Amino acid sequence: IKARLTSGEAELGLVLLAYVYGKDFRPYRHGLTAQFFATTTGFQGHYITWDAPHFLGPVRVEAHLEFHKDPYAPYYGPGNHTFPGQYLQGPDKFFGYTNAWTWEWLRFRIKPFGDQSPLTLYAGYQYRYFWITPYAGSNLDMERPNGVTGGRNGGAFAGVLFDTRDDEQNTHSGFLIQVAGRMARPWTASQFSYQGVTFGTRIFFSLWTPRLVLALHGEADHL
């Protein structure tokens, strides 16, 4: 539980972690993560994630539901037409707008060469819906670029993981490499058509003692 009062803004956050363990189920049988977060200025961030590594035998199933609302998301303009040196100061409606969205995804993962193999294949579907509300007379209201009306964004994704970490939940050594692709089209329930690829890596080193770990994270993405 987190509660904080800063500059007249009150914050309240609640995070829940729950795991169901069972014999011969690694790292656990079911995992549940949930968050509730809200401030008195209207910001909200809530989500719930469920993970079942052996729900369909060798197939791992993961699901995620999320709602996010930011009443003062920043918009300074596209490309070279931005306002250099500007930043939001509280409820600045000229450079801000209300951004709200939901995000749901379902993913299936399998290790084709057994649980001890570092190779994992996965595929899934994600759906996001955006509500974009420019303030009257704001920078976004005057420019109205593509996407300013919000809308639905559904897409399919797939990828490969190569994981040598010694422990998925409490890593001390090893690395994780991810290569993934995604695509959105009208037939995936999206108002926008695009495709993209992502490459990411995480590397972990124990420094003299298992209680001290150096973690490195790098990612490249092309849309």
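## A mostly-strand chain, residue by residue

Pro 71 is buried, because its relative accessibility is 9%, and buried means under 20%. This is a predicted model, and Pro 71 is a good place to enter it. The residue sits in strand E5, which covers residues 59–74.

What does Pro 71 touch, once neighbours within four places in sequence are left aside? Its contacts are Thr 41, Gly 42, Phe 43, Tyr 97, Thr 98 and Tyr 135. Ala 100 is 29 residues away from Pro 71 in sequence. In space, their C-alpha atoms are 7.9 Å apart.

**The chain as a whole**

The chain has 223 residues, and 33% of them are buried. It holds one helix and 11 strands. Start at the N terminus and read the elements in order: β-β-β-β-β-β-β-α-β-β-β-β. The helix, H1, spans residues 139–143.

Contacts also reach along the chain. Take those between residues at least 6 apart in sequence: 49% of them join residues at least 24 apart. The outside can be described too. The chain exposes about 13,800 Å². Carbon and sulfur atoms supply 60% of that area.

**Cores**

Which residues make up the largest nonpolar core? There are six: Ala 73, Tyr 75, Tyr 97, Ile 132, Leu 140 and Val 148. Tyr 97 is also a contact of Pro 71. Leave aside neighbours of Tyr 97 within four places in sequence, and its contacts include the core members Ala 73, Tyr 75, Ile 132 and Leu 140. Tyr 97 also contacts Asp 70, Pro 71, Tyr 72, Pro 74, Thr 133, Pro 134 and Tyr 135.

A second core is separate and has five residues. Among them are Tyr 122, Leu 161, Leu 176 and Ala 180.

**Two more buried residues**

Thr 198 lies in strand E10. It counts as buried because its relative accessibility is 15%, below the 20% cut-off. Asp 221 is 23 residues away along the chain, yet the two C-alpha atoms are separated by 4.4 Å. Not counting residues up to four places away in sequence, Thr 198 touches Gln 178, Val 179, Ala 180, Arg 182, Glu 219, Ala 220 and Asp 221. One of these, Ala 180, belongs to the second core.

Tyr 28 lies in a loop, between strand E2 (9–20) and strand E3 (30–39). Is Tyr 28 buried or exposed? At 6% relative accessibility, Tyr 28 counts as buried. Pro 53 is 25 residues from Tyr 28 in sequence and 7.1 Å from it in space, C-alpha to C-alpha. Beyond its neighbours within four places, Tyr 28 has contacts that include Tyr 19, Asp 51, Pro 53, His 54, Arg 60 and Glu 168.

**Two residues with positive phi**

Arg 144 has a positive phi of about 45°, although it is not a glycine. It lies in the loop between helix H1 and strand E8. At 43% relative accessibility, Arg 144 counts as partly exposed.

Trp 208 is not a glycine either, and its positive phi is about 70°. It sits in the loop between E10 and strand E11 (209–222). Where Thr 198 is buried, Trp 208 is exposed, with a relative accessible area of 82%.

**Pockets**

The table gives the volumes and linings of two pockets.

| Pocket | Volume | Lining residues | Nonpolar / polar / charged |
|---|---|---|---|
| Largest | about 1,200 Å³ | 36 residues | 12 nonpolar, 13 polar, 11 charged |
| Second largest | about 690 Å³ | 23 residues | six nonpolar, six polar, 11 charged |

Which residues lie nearest the centre of the largest pocket? They are Glu 62, Trp 105, Arg 107, Arg 109 and Arg 202. Strand E10 (residues 194–207) gives the largest share of this pocket's lining, six residues. Thr 198 is in that strand as well.

Now the second largest pocket, with its volume of about 690 Å³. Closest to its centre are Arg 26, Pro 27, Lys 111, Asp 115 and Glu 168. Three elements give two or more residues to its lining: strand E4 (44–56), strand E6 (96–110) and strand E8 (151–163). Glu 168 links back to an earlier residue, for it is in contact with Tyr 28.

Note on methods: Residues numbered from 1 in each chain as written. Predicted model: local features only at pLDDT ≥ 70, side-chain atom pairs only at ≥ 80, totals over all residues. Heavy atoms only, no water. 1 Å grid on protein atoms, 1.4 Å probe; cavity = no way out; pocket = protein on both sides within 12 Å on 5 of 7 lines; lining within 4 Å. Points joined across faces, edges and corners; volume = space filled by probe spheres on them. Helix = DSSP H or I, 4+ residues; strand = E, 2+ residues; numbered from the N terminus. Nonpolar A, V, L, I, M, F, W, Y, C, P; charged D, E, K, R; others polar. Core = buried A, V, L, I, M, F, W, Y, C linked by side-chain atoms within 4.5 Å. Buried < 20%, exposed > 50% of the residue type's maximum accessible area, 1.4 Å probe, protein only. Contact = heavy atoms within 4.5 Å. Areas by Shrake-Rupley, 256 points an atom, 1.4 Å probe, with all protein chains shown as cover.
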